[in-house]
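Reader: I am new to this structure and would like to understand the terms applied to it. May I ask what stands behind each of them?

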Amino acid sequence: TNVKDWVSTGNALLDVAVSNRPYGGLPVGRIAEITGLEQSGKSLLAAHLLAETQKKGGVAVLIDTETAVNREFLEAIGVDISKLLYVSVDTVEGIFEACETIIEKVRTGDKNRLVTIVVDSVAAASTKKELEADYDKDGYATDKAIIISKAMRKITNMIGRQSIALVFTNQLRQKMNAMAFSDPWTTSGGKAIAFHASVRLRLASTGKIKAKDDKGNERIVGIKVRANVIKNRLGPPLRSADFDIFFDRGIDNYGAWLGAMKDYNFVKQGGAWYTYVDTETGEEFKFQAKELQEMLENNPSVKEQIYKRICEFTILQYKKDSLDTDNLVVDSEVIGD
């Protein structure tokens, strides 16, 4: 069950928070779920996964149930539309039928190629029975949860054997009569995805990003987002990563780097200027926030040095058992039959 490959989320800090290793991300061969309220960046993060898959030469698949995505949105994130496999479905049955068909077709031609399937979203998908019915209330409406539970039992092992990264986006619903101090949110479609997923992220908008245009008018150009890792089988759970999302280009990866550099005291700040000292050569690099990306790309050794230092602060080192299992003698009489 070792994970052999990873798909970046577009944000280096979130990649490390999930995988607990350098150059990680979401795991290939496992299931991940991205949840959140409206306008929290779920579809945008999913689009970054598709773009990063294409950068690695993989097959990016978008199964769309909301009929809300548009070409300009995907292209702004960096997705190559001409190479994207887009599938529009209405039902949860259709989602998993499409997944099986796509996996079978791709693996017939190439057994090792990276494949990322994004389902956006589970909450917007209906069921065949629900589509045939009218709009009246129909009991407890548990059909969707039952179908997803059955499907997850069938597809989880297939995802692992075929090395597919399967990512679901899902909407949050407020729990009725939730107890104080407990989690007030749940997801649509039952608990099957939550149990089968190796990684679950919950996105939350924490603020707005404002900027002034040429005429001096202030306008909103993006949002601040916090991604909480609420479940993780690849590393420590309950970690978080903060980053900015700009409406015209998506996730600001290097802005998150600068935030980490300030938190870990890698840089000295004087007004709008920052100073970073190369730990190996002692050379000083002075830059403004908007110049960080250019500075790092022009100095790849410094970029690698900073990234390694961030990883040292964020990656959890597991403690090995002090018991010497190589020299352990088992007494059968003590254990008994």
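Reader: In what sense do β4 and β6 pair, and over how many bridges?

Author: The model is a predicted one. In it, β4 and β6 run parallel to each other and are joined over 6 bridges. Two strands count as paired from at least two bridges, so the 6 bridges here satisfy the definition. One of the residues involved is valine 61, whose bridge partner in β6 is isoleucine 117.

Reader: How do you know that β4 and strand β5 pair?

Author: The same reasoning applies. There are 4 bridges between β4 and β5 (residues 85-88), in the parallel sense, and at least two are required. Valine 61 has leucine 85 opposite in β5. Between β4 and β5 the chain passes through α3, and this β-α-β crossover is right-handed.

Reader: Why is β4 described as largely enclosed by the rest of the structure?

Author: The description follows because 6 of the 6 residues of β4 are buried, and buried means under 20% relative accessible area. In a regular strand the side chains alternate between the two faces of the sheet. For β4, one side carries Val59, Val61 and Ile63, the other Ala60, Leu62 and Asp64, and all of these are buried. Both faces of β4 are therefore covered.

Reader: What makes the contact between lysine 56 and aspartate 5 a salt bridge?

Author: Their closest N and O atoms are 2.7 Å apart. The cut-off is a side-chain nitrogen of Lys or Arg within 4 Å of a carboxyl oxygen of Asp or Glu, so the pair qualifies. Lysine 56 belongs to the loop between α2 and β4 (59-64), and aspartate 5 to the segment before β1 (6-7); with their positions 51 residues apart, the pair links distant parts of the chain. Lysine 56 is partly exposed at 46% relative accessibility, and aspartate 5 is partly exposed at 27%.

Reader: Are the partners in the salt bridge of glutamate 33 and arginine 200 buried or exposed, and how do you know?

Author: Glutamate 33 has a relative accessibility of 1% and arginine 200 one of 10%. Both values are under 20%, so both residues count as buried. The bridge itself has an N to O distance of 2.6 Å. Glutamate 33 is in strand β3 (residues 31-36) and arginine 200 in strand β9 (residues 199-212), so this salt bridge ties together parts that are 167 residues apart in sequence.

Reader: Why is aspartate 248 called exposed, and why is arginine 249 called partly exposed?

Author: Aspartate 248 has a relative accessibility of 54%, and exposed means over 50%. Arginine 249 has 43%, a value between the limits of 20% and 50%, so partly exposed is the proper term. The two residues form a salt bridge, with their closest N and O atoms 3.3 Å apart. By the rule used, the count of salt bridges comes to 9.

Reader: What is the volume of the largest cavity, and which residues line it?

Author: The largest cavity holds about 60 Å³ of space. The count is 1 cavity of 30 Å³ or more. Rolling a probe the size of a water molecule over the atoms shows where empty space is left. The lining consists of Ser43, Ala46, Ala47, Leu50, Leu62, Val69, Phe73, Leu74, Val118 and Asp120. These residues divide into 8 nonpolar, 1 polar and 1 charged.

Reader: Which element gives the most to the lining of the largest cavity?

Author: That element is α2, with 4 residues. At least two lining residues come from each of α2 (42-55), α3 (71-77) and β6 (115-120).

Reader: What makes the peptide bond from aspartate 120 to serine 121 cis?

Author: The omega angle of this bond is near 0°. Serine 121 is found in the loop between β6 and α5 (128-132).

Reader: What is notable about the phi of asparagine 20 and of leucine 238?

Author: Asparagine 20 has a positive phi of about 60° although it is not a glycine. Leucine 238, also a residue other than glycine, has a positive phi near 60°. Asparagine 20 is in the loop between α1 (12-19) and β2 (26-27), and leucine 238 in the loop between β10 (218-232) and β11 (240-246). With a relative accessible area of 8%, asparagine 20 is buried, whereas leucine 238, with 72%, is exposed.

Key
Residues numbered from 1 in each chain as written. Predicted model: local features only at pLDDT ≥ 70, side-chain atom pairs only at ≥ 80, totals over all residues. Heavy atoms only, no water. 1 Å grid on protein atoms, 1.4 Å probe; cavity = no way out; pocket = protein on both sides within 12 Å on 5 of 7 lines; lining within 4 Å. Points joined across faces, edges and corners; volume = space filled by probe spheres on them. Nonpolar A, V, L, I, M, F, W, Y, C, P; charged D, E, K, R; others polar. Buried < 20%, exposed > 50% of the residue type's maximum accessible area, 1.4 Å probe, protein only. Right-handed = clockwise from strand over helix to strand, strands pointing away.
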